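Reader: I would like a close look at a single part of this model, namely how its strands pair and what lies against them. Please give the cut-off behind each term as you use it.

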Amino acid sequence: IVAPCPVVVTVHDLSFFMHPHLFRRLNRVYLQSFTRKSTGRAAAIIADSESTRSDLVETLGISTDKVTVIHPGVGDKMRPIDDRQVRAFRRAHGLPERVILFLGTLEPRKNVPTLLEAYAIMRAEPNFAHRLVIAGGKGWHYEEIYAQAERLGLRGEVLFPGYVPERELALWYNAADLLVYPSLYEGFGMPPLEAMACGTPVVVSNVSSLPEVVGDAGLAVDPHDAQGLAVAMLEVLYDRQLCRTLRQAGLARAKQYSWRATAVKTARLYHQVLGDEQANEP
């Protein structure tokens with residue numbers, strides 16, 4: 001970075017350093033090189049989470065004092081929606097009454113093949129009636145996800161609606177009994193936060209930033225353990241008290257993340273870098 005003024009760099013994640021095998025070579029090399037140079041020359045760095053700050057310090061040798069954690073927020077559109085609207089949405093999209101939702105780009109880092117394995121385990125339960133919906137645009141190596149569904153005999157049982165436009169996100173979360181997000185690495189993890197804001201219980205992986213975002217408002221499991229993932233999902237779906245507890249805890253947790261707070265903290269850091277007196281204002 002060459003600039004005539006101090007530069008503040010925001011780093012969302014270091015997945016291309018932490019899991020380089022999950023990226024195309026040219027993309028990985030570009031991201032690693034650009035991130036190393038830009039963070040090295042920056043006056044200050046914003047990280048989306050404590051997890052990402054730790055990665056910056058440990059992987060790139062960045063001084064802890066140079067990195068400020070500023071969490072993203074969740075918008076007002078992410079909220080519980082009236083049942084009638086949700087039922088109409090289900091009908092319009094051909095969704096079943098009972099849904100387990102995954103939402104994210106279909107790429108290796110999201111660990112969807114392990115989710116499919118867990119779902120196959122769940123389907124062996126007596127009277128199991130939930131359908132798995134894997135929503136999101138196709139990323140690189142997405143073919144392995146469809147191949148895994150074929151191997152497990154799930155191709156006709158799992159729904160792949162494709163990319164979800166932002167205007168529909170809240171309805172997708174509200175239409176689900178559970179959001180599952182078994183990602184191998186996240187710098188923050190917006191879908192779990194958005195789902196909690198909509199009152200949908202979440203099961204996430206217990207790595208990187210996801211436990212930090214979800215806290216005690218969701219269940220966190222080893223993303224490599226398909227059996228453990230299946231057990232956690234079944235627990236949420238079948239234990240009504242647990243489901244209610246997670247719903248209320250998730251709604252409360254999501255209120256801690258506002259875009260206004262994100263903007264205020266970001267502006268304060270900018271003023272601080274410029275040596276502006278406003279940096280100390282509340």
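Author: Two strands pair if DSSP finds at least two bridges between them, and the elements themselves are DSSP runs numbered from the N terminus, helices being H or I over at least four residues and strands E over at least two. This is a predicted model, in which local features need pLDDT of at least 70 and side-chain atom pairs count only at pLDDT 80 or more, while totals for chains, interfaces and linings use all residues. Residues are numbered from 1 along each chain as its sequence is written, and side-chain values use heavy atoms, with hydrogens and water left out.

On that basis, six strands make up an open sheet whose order is β6-β5-β4-β7-β8-β9, with parallel pairing. At its edges stand β6 (158-162) and β9 (219-221), each of which pairs on one side only. From one strand to the next, the twist averages 25° (axes are lines fitted to C-alpha atoms, for helices over the stretch in contact, and angles between N-to-C directions run from 0 to 180 degrees). Within this sheet, β7 (residues 178-181) and β8 (residues 202-205) run parallel and are joined by three bridges, and Val180 has Val203 of β8 opposite it. Helix α5 (residues 112-122) packs on the sheet, where it touches β4 (99-103), β5 (131-135), β6 and β7, and its direction makes about 170° with that of β5; contact here means heavy atoms within 4.5 Å.

Helix α8 (residues 190-197) is mostly covered, since seven of its eight residues are buried, a term that means under 20% relative accessible area, with exposed over 50% and partly exposed in between, for a 1.4 Å probe and protein chains only. Those buried residues are Pro191, Pro192, Leu193, Glu194, Ala195, Met196 and Ala197. Their cover includes the strands β4, β7 and β8 together with the helices α7 (169-174), α9 (210-214) and α11 (240-254). Just after α8, Gly199 adopts a positive phi of about 85°, and Cys198 counts as buried because its relative accessibility is 1%.

There is also an open sheet of three strands, in the order β1-β2-β3, and its pairing is parallel. Because β1 (8-11) and β3 (67-69) are edge strands with a single partner each, one side of each has no neighbour in the sheet. Neighbouring strands in this sheet are turned against each other by 25° on average, with direction ignored. Strand β2 (residues 44-47) pairs with β3 in the parallel sense over three bridges, and Ala47 stands opposite Val69 of β3.

The loop between β2 and α3 (50-60) holds Ser49, which counts as buried because its relative accessibility is 0%. Leaving aside residues up to four places away in sequence, Ser49 touches Val69, His71, Gly187, Ser209 and Glu212. Val69 thus appears twice in this account, once as the residue of β3 opposite Ala47 and once among the contacts of Ser49. Gly187 is another of those contacts, and the side chain of Ser49 reaches the backbone oxygen of Gly187 at 2.7 Å.

Note on methods. Polar contact = N/O pair within 3.5 Å; in protein donor to acceptor, adjacent residues only side chain to side chain.
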